[in-house]
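Me: Hi! I'm new to reading protein structures. Could you walk me through this one?

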Amino acid sequence: MELSKRQEAIMEIVKKEGPITGEQIAERLSLTRATLRPDMAILTMSGLLEARPRVGYYFSGKTPGSVLAEKLHNIKVGEIKSVPVVVPEQCSVYDAVVTMFIEDVGTLIVVREGGLLEGVISRKDLLKTTLGGQDIHKLPVGVVMTRMPNVITVEPDDSVWLAAKRLITHEVDALPVVRPVRDDAGSLEVVGRLSKTNIARLFVELGEGGG
């Protein structure tokens, strides 16, 4: 979150003199209360300032960076996930390559009947296989995919921060978003996909919204 010059000036006044009323802040800056109203709204909604009736504004103790971190911990994967691009285990490597290009994704999620997670196949996996001289029209993706339980996943209620950390730690482009199947121990139903693009889009939206 980047503050404007005026918002930074407001923060400095409140840090030094808070609690302080809106009228007093406006007076210090030689501006009208109406002019300051949008800035005060942004600073309070973002959590940098807090306000109490008949007391005024005071500094919350948070920094712009900590506010962003808090948002990333509070936003859930289910709020920003994409529709999963899935293929069956019997799908040929050739058809997987075609699907990846048509859908414009870097990772395909391999499922069995009922949309249950079997594995994932990346662009790198497909490239390695196509360069290997095998007949990609006959070779099923099940032979070259990363299988469960070695697939890194997230659940809809996990935080975006946790998902981003897993993407970076495991050096993958996307994670299957799953939920456990109650009547089938160990099975995971695929309900979405969380990619680096989802994370980047969220950062842009947070930036445009003033954090």
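Here is a chat about a few features of this predicted model.

Me: Let's start with the surface. Which residues make the nonpolar surface patch of about 270 Å²?
Reply: Y94, V98 and I102 make that patch together.

Me: Where does V98 lie?
Reply: You'll find V98 in helix 6, which covers residues 93–103.

Me: And how accessible is V98?
Reply: V98 has a relative accessibility of 32%, so V98 counts as partly exposed. Buried would need a value under 20%, and exposed one over 50%.

Me: Staying with helix 6, how does it pack with helix 7?
Reply: Helix 7 is residues 123–130, and the axes of the two helices are 11 Å apart. The angle between helix 6 and helix 7 is about 135°.

Me: What do you call that kind of arrangement of helix 6 and helix 7?
Reply: They are oblique to each other. The reason is that angles over 145 degrees count as roughly antiparallel and 65 to 115 as roughly perpendicular, so about 135° fits neither group.

Me: Is the crossing of helix 6 and helix 7 left-handed or right-handed?
Reply: The crossing of these two helices is left-handed.

Me: New topic: how many salt bridges are there?
Reply: The count comes to nine salt bridges. One of them joins R147 and E89, with the closest N and O atoms 2.5 Å apart.

Me: Which parts does the pair R147 and E89 tie together?
Reply: R147 is in strand 6 (residues 146–147), while E89 is in the loop between strand 3 (86–88) and helix 6, so the salt bridge ties together parts 58 residues apart in sequence. R147 itself is partly exposed, at 36% relative accessibility.

Me: Which residue does R112 meet in a salt bridge?
Reply: The partner is E118, at 2.7 Å from N to O.

Me: Are R112 and E118 buried or exposed?
Reply: R112 counts as partly exposed at 34% relative accessibility, whereas E118 is buried with a relative accessible area of 15%.

Me: And what about R166?
Reply: The side chain of R166 meets that of D158 in a salt bridge, at 4.0 Å from N to O. R166 is partly exposed, with a relative accessible area of 28%.

Me: Last one: where is I80?
Reply: I80 belongs to helix 5, residues 77–80. At 16% relative accessibility, I80 counts as buried.

Me: How far apart are I80 and E50?
Reply: In sequence I80 and E50 are 30 residues apart, and in space they are 28 Å apart, C-alpha to C-alpha.

Definitions and conventions. Residues numbered from 1 in each chain as written. Predicted model: local features only at pLDDT ≥ 70, side-chain atom pairs only at ≥ 80, totals over all residues. Heavy atoms only, no water. Patch = residues over 30% accessible without salt bridge, like charges linked within 9 Å, V, L, I, M, F, W, Y side chains within 5 Å. Areas by Shrake-Rupley, 256 points an atom, 1.4 Å probe, with all protein chains shown as cover. Helix = DSSP H or I, 4+ residues; strand = E, 2+ residues; numbered from the N terminus. Buried < 20%, exposed > 50% of the residue type's maximum accessible area, 1.4 Å probe, protein only. Axes fitted to C-alpha atoms, helices over the stretch in contact; angles between N-to-C directions. Parallel < 35°, antiparallel > 145°, perpendicular 65-115°, else oblique. Left-handed = near helix turned anticlockwise from the far one by under 90°.
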